[in-house]
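Morning, everyone. Let's take a quick look at this one together. Sequence and structure are coming up now.

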Amino acid sequence: MTILRIDSSINGENSASRALTDSIVEQLKAANWGEQLVTRDLVANPLPHLTFDAFADTSVLDEFLAADIVVIGAPMYNFSVPSQLKAWIDRIAVAGKTFHYTENGPEGLVKGKRVIVALARGNFYGEGAPAAPLEHLETYLKGVFNFIGVEPEFVIAEGLGVSPEHREKALAQAVGETLKLAA
Ligand SMILES: Cc1cc2nc3c(=O)[nH]c(=O)nc-3n(C[C@H](O)[C@H](O)[C@H](O)COP(=O)(O)O)c2cc1C
C-alpha cells in the first residue's frame, strides 16, 4: 500500500490544510500495515509551469499512478487551487495516460485509486452562502478527478478567516472528520 501526500500551502506550520493532511496520513498509517509514504511538498519543491517538453518527464505522473491512496492539501487561493497545485495537476491529467477521448466522449483511465482532498478556505462557500458562486476549488478538483476516473473524498475546513475562534472550531471539526476516513 503506497500513500502519496501532496501539500501546496505556503503557510508552513500555520497551515490548516497541512494540519489536515497530517491527520489524514496519520489515520491511514495507523489503519494499514506496511504502507509506504511518499511526500511531495509543492512549495518546498515547486514544479515549473507546464511546457510541451515537460511531457517527456513522466516522474510526477508515475508517482501518482503508483500510489494506492493520494492525500492532497488544497488551500483556496483566489477562489481556486494554488498555482503550485495546478502545475502538479497539469502533469497528471495526460491524454492517453489518465484519460482518453472515445466516440462517446472522454473517459477516465485511472482505476482503483483513492483520492482524499483536504480543503481550507477563509470564507464560507456552502450552498446558499453569498460567496458560493465563487467556489472554484472543490468544484474544480472534483471535476478534474472525475475526468480521469476518480471520485475524490473531501474534508473541508472553512470560514477560517472569520475569527480565531471560528478557525479553531472549524479546524477541530475537520480534524474530527479525518478520524473517520481510515474506518
Ligand atoms: C494568497 C491567498 C489567497 C487567498 N484567497 C482566498 C480566497 O479567494 N477565498 C477564501 O475564502 N480564502 C482565501 N484565502 C484564505 C485561505 O484559503 C485560508 O487562509 C486557508 O486557511 C489557507 O489554507 P492553509 O492554511 O493551508 O494555507 C487566501 C489566502 C492566501 C494566502
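**The sheet, then the ligand**

Strand E1, residues 2–7, runs parallel to E2, and 6 bridges join the two. Keep in mind that this is a predicted model. One pair to find on screen: Arg5 stands opposite Thr39 in E2.

Now zoom out. What is the strand order in the open sheet? Read across, the order is E2-E1-E3-E6-E7. That is 5 strands, and the pairing is parallel. At the edges sit strand E2 (36–41) and strand E7 (153–157). Each of these edge strands pairs on one side only. From one strand to the next, the twist averages 15°. As a reminder, strands of a sheet pair through backbone hydrogen bonds, either parallel or antiparallel.

On to the ligand. There are 16 residues around it. Which of them come nearest? Those are Ser9, Ser15, Ser17, Met76 and Tyr125. By class, the shell around the ligand divides into 8 nonpolar, 7 polar and 1 charged.

Next, the polar atoms. Take Ser17: an N or O atom in its side chain is 2.6 Å from an oxygen atom of the ligand. Asn78 takes part through its backbone: a polar atom there is 2.9 Å from a ligand nitrogen. Ala120 also has a polar backbone atom in play, 3.4 Å from an oxygen atom of the ligand.

How much of the ligand does the protein bury? Taken alone, the ligand exposes 630 Å². The protein buries 76% of that.

That's the tour. Over to you.

Note on methods. Residues are numbered from 1 along each chain as its sequence is written. This is a predicted model: local features need pLDDT of at least 70, side-chain atom pairs count only at pLDDT 80 or more; totals for chains, interfaces and linings use all residues. Side-chain values use heavy atoms; hydrogens and water are left out. A residue is near a molecule or strand if one of its heavy atoms lies within 4 Å of it. A polar contact is a pair of N or O atoms within 3.5 Å; within protein, one must be able to donate a hydrogen and the other to accept it, and residues adjacent in sequence count only if both atoms are side-chain atoms. Accessible areas come from the Shrake-Rupley method with a 1.4 Å probe; for residues, only the protein chains shown count as cover. Ala, Val, Leu, Ile, Met, Phe, Trp, Tyr, Cys and Pro count as nonpolar, Asp, Glu, Lys and Arg as charged, and the others, Gly among them, as polar. Two strands pair if DSSP finds at least two bridges between them. Helices (H or I, at least four residues) and strands (E, at least two) are DSSP runs, numbered from the N terminus. Axes are lines fitted to C-alpha atoms, for helices over the stretch in contact, and angles run from 0 to 180 degrees between N-to-C directions.
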